Structure formats: structure tokens, C-alpha cells
Amino acid sequence: MLYTLIITMALVMGGIILVQINSLDKASDIKKEQFDTSVKLAIAQVVSDLEAQETLLAREVAMNKYLSGYSMSITGSSQSRAGSGQNQGGRSYFSITHREYFGNYNKVLQFNYSDTVSAVDNTKRGRPGEFPSAFDILHDFNLNQQKAMEDNLNYNANLLAMREVQGRDIVDRIDPLFLEQSLKRAISGKGIDLEYEYAVQSFSVDDARQIIASDGYKPGNNKVYYDVLFQRDIDNFKPNYLNLYFPKRSGYIIKTTGILVIPTIILTGLLIGIFVFTILIILRQKKLSIIKNDFINNMTHELKTPISTISLASQMLEDGSVTNTPKTIEHISKVINQESKRLSYQVEKVLQMAVFNEGRLKLRLKEIDINKLVETSVRNFELRVKNQNGTVISELNAKNALIKGDEVHITNVIFNLLDNAVKYSKEIPEITIGTLSKNGDVVLYVKDNGIGISKEHQSQIFERFYRVPTGNVHNVKGFGLGLSYVKKIIDVHSAKIKIDSVVNKGTKFSINFPQNIK
């Protein structure tokens, strides 16, 4: 169930991260598209500016070269004819001549007219009520004809001038200063505040030329924006291009999307951290639950054994099933006494840890001699070790073994280490306990020839209820509280404990007590 929950949470977390990444990617794409569109519009504006500049130049050429010799003259004559009644008419002749760059032009126009009294049109020229004037009609016609000829002349002149201007080499068609100013104006007008590099390139079948370029124009892997120059040339399309790129485009895109990216990254990181922390807590609680169950099983076994022995011994004395001789009673009394002490010792361990957990530990600090504590502890343990045909060797080499500490608790530390050395030794225990002076500290060490502790378990042996697996949970007695108690006492005395162990060769615990006696 636990692993199913972890896998489900991991899948959900992975899905959320993928959604966030996808959102950031889309946001970045939108920013890129907006940036690209702005740059393309800016380039198009520059191309349009260049074409407008060339159009003005062509108009100037047309005025100075093709329209400078223009002149026009109009001559004419008329004759009238008599009519009957109120009707009369006539005929007029006009000759129109003009000189221009394209040659001389002459045309003769003939108009027939008649004036009728009844055909009065007050919208025509002349005084109200008069007949429309034929000369007025001819004058209007002349003006329209003149305007048509002038328009035709301007068109031809501009066409020739434009062809002349557009026929120049691309080098002569672009003013570098005007191009630079136009680019600066167009790019800043699109709200882009970023360094850029540009170049004008011309391509032909056999050659590719770089006409104009900024000092640092080296595109490399940068994205290059381009547009065709002078797309409206009259004669032939020429492959001339304006290229533009931004060296810091990627950083600019990231910066513009930073408002979305940074909070998303922070929140995603916090979410991942919370997820990992939750998983670690779940796994730790599971491990702690297993250890506690193991502790309860061990405690039940450890307490049950002396209680059963005491109960059996007292029952033997009560029902008279054994001979009530002084020797028998003495033996049974010793058994009851030993098992009672063993039971008290186990209960004391549990109570000591309870005191630590509740923070009610109060140390009675005083000046103590580590060498004397070791001697006392060895005397109490010698009998137990000799019963297993083992030996305890003392090496008291510390010249100044005085420290400041709680005598009771430090004595308990020594007893715990010696007790572990006996329990985890081989069939014949060989235990060495000693002291030495090192770098201003008093070092207490306990070494055995026991089963050793593998590297993978050495970092866990000081945890509450933890016991190194030995294949059979009850082949070594204990609750898994001894070394946890040792570590806590060492810490409150500002000392340090170190373990050196090799599997099947033995273990050595070293404790460095600071000599802070003043």
C-alpha cells in the first residue's frame, strides 16, 4: 500500500512538472513569436524607407533632367456663318504645340459650333441669359488637354528617372548612414532595446557579396532575420537582402518570460522538496514502526524470561517440591536475586530513554577520574567474562584522566560498551578497555574480538531500538537502547564517539572527552 501511494504521488508530481514545463515552453514560444513579428515589421519598415528615399531621388532626377526643357504654345482662328431666325454658328481652328525631352508635339483641332437662343444654360460660362460661349468651351477643353499632356509627360519622365536610379549598382543605391539611422528608428519604434548586427548582401549566380555590414556582424548560430531590398524595381528582380540578428536574443526571450518562469521554478522546486520530504517521513515512520515492533517483541522476551525464572523459583520454595536445605534455599535465592537485578537493569534502560525523550535529564557535573571508573567497571565485569573463559585487559595510559562530567551516566556508558563487547564477542571473549591522552582530550576505548558491524549498519547503530540483524532476533539479548543511550550521554558531555569495525574481526569504540577542567 505504501509503495502504491509513493508511485501514485510520483506520477502525479511528474504530471504536474510536465504541465509546468509545457506551459513555460508555450509561453516562451509566444514571446519568441512576438519578438520575431516585431523584428520582421521593423525590417519591412526599413526596406520601405529605402524605397521611399530612392523614389524621392528619382523625382529629383526627373525634374532636373527630363522636365527642364518643357514648353507649350496654343494658336487658333475662327470663322462664322449666318443662319436663319435666331440660329447662327461657326467653325474654329486651334494648333497646340509643345517641346519636351521626348521631342516636339503638334496637333490641330477643329470645332464646329452653333448658338441657339432657346438653349440657355446658366451653368455655363458667360453672363446669365447669354448663349454659351464657344470660346469658353474651347478654353475648358484646352485646359483638360494640357493637364492630360502634363500628366503623360510626368509619367514618362518619372519612369525614365526611376529606371535610371534603379539601374545603379546596389553599392550606390544605399546610403550607409541612412540605413543605420532607419534601422535604429524602426527597431526602437517596436519597443526592442537590444543590441543588433546587420548587413546588406547581394547574391548572383557566381558570387555573393557583402555590401554593407556592422562591425560585429558574425551570425554564427544566431537566428538571422532578412527581407528583400527594392522589391518594386521596374525591370528585373535583384537578389539583394537586408540581414539582421540579435546576439543576445535567447537571453532577452528568457528575461521577458522571467515573470512567469521564476515563480514557476520556485513553486515547482518547493513542490518537489515537499514531496521528497513527505516520502522520507513516510519511509522513516515505516522504518520506525518496524523497529518499535521489534523492540516490543524483544522487550516482551527480555522481561518475560526473568519474570518466569523468579516465578518458578518462588513456586519451588512455596510448594515444597525441593528439599528445603540451606544450600538449596541459598541457590534459589541467588537465582531470584540475579534475575531481579537483570529485570531492574532492563527496566532502568527503558526509563533512562524515557527521561531523555522528555527532556528531563539533569546532569550532576563534577570532576571525575576516567581511570578510576574504568578500574571499577572492570572489577564488576571480570566475573561475567571469566564465566565464559574470556579475558578483560586494562590499558590505562592517560596521564591526566580528569574530566568534568556526571559520574553515574559515564559509568553507565562504560557498562553499556562492556556489555555489548561481551554479548557480541565470539565463544571466548577477548576485551580490551583503556585510556590515553590525545590532543588535549582523554580518549576512552573498548575493543572486542566479536562479530563486527558492517559498513551499511554503522551509521544506524546509535538510533533508538535499532539492532544489527544477526539472523535470529533473540540470539543476542537487548532492546536496542544501549548505544542510543551512550550517544546521548556523549553528546551532552560535548564528547565525540567513533567506531572502527570489521566483520568477523571485532569492533572498537573510541570516545574523546574534552579536558575542560579549570
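**Exercise 1. Determine which helices the salt bridge between Glu 54 and Arg 173 ties together, and whether its two residues are buried or exposed.**

Glu 54 forms a salt bridge with Arg 173, their closest N and O atoms being 2.6 Å apart; the term requires a side-chain nitrogen of Lys or Arg within 4 Å of a carboxyl oxygen of Asp or Glu. Glu 54 lies in helix H1 and Arg 173 in helix H3 (residues 170-173), so the pair ties together parts that are 119 residues apart in sequence. Helices (H or I, at least four residues) and strands (E, at least two) are DSSP runs, numbered from the N terminus. Glu 54 is buried, with a relative accessible area of 5%, and Arg 173 counts as buried at 4%. Buried means under 20% relative accessible area, exposed over 50%, and partly exposed in between, with a 1.4 Å probe and protein chains only.

The model is predicted: local features need pLDDT of at least 70, side-chain atom pairs count only at pLDDT 80 or more, and totals for chains, interfaces and linings use all residues. Residues are numbered from 1 along each chain as its sequence is written, and side-chain values use heavy atoms, with hydrogens and water left out.

**Exercise 2. Locate the salt bridge between Asp 36 and Arg 249, and state which residues are linked with them in a network.**

A search of the whole structure finds 7 salt bridges. In the one between Asp 36 and Arg 249, the side chains meet at 3.4 Å, N to O. Asp 36 lies in helix H1 (residues 2-66) and Arg 249 in helix H5 (residues 249-256), so this pair ties together parts that are 213 residues apart in sequence. Asp 36 and Arg 249 are both buried. The network of salt bridges links Asp 36, Lys 223 and Arg 249.

**Exercise 3. Describe the salt bridge between Lys 366 and Glu 407, then place Thr 411 in its surroundings.**

Lys 366 forms a salt bridge with Glu 407, and the closest N and O atoms are 2.8 Å apart. Because Lys 366 lies in strand S8 (residues 365-369) and Glu 407 in helix H9, the pair ties together parts that are 41 residues apart in sequence. Lys 366 is partly exposed, with a relative accessible area of 41%, and Glu 407 counts as partly exposed at 31%. Thr 411 is also found in helix H9 (residues 407-423), but this residue is buried, with a relative accessible area of 18%. Leaving aside residues up to four places away in sequence, Thr 411 touches Leu 373 and Ser 377, where contact means heavy atoms within 4.5 Å.

**Exercise 4. Establish where the buried residues of helix H4 lie around its axis, and what the opposite face carries.**

Helix H4 (residues 176-189) has 14 residues and reaches 20 Å from its first C-alpha to its last, close to the 20 Å expected at 1.5 Å a residue; the expected span is 1.5 Å times one less than the number of residues. Its buried residues are Leu 179, Ser 182, Leu 183, Ala 186 and Ile 187. They cover an arc of only 120° around the axis, which puts them on the same side of H4, the arc being that of the directions from the helix axis to the C-beta atoms. The face turned away from the buried side carries the exposed residues Lys 184 and Gly 189. Gly 191, whose phi is positive, near 75°, follows H4.
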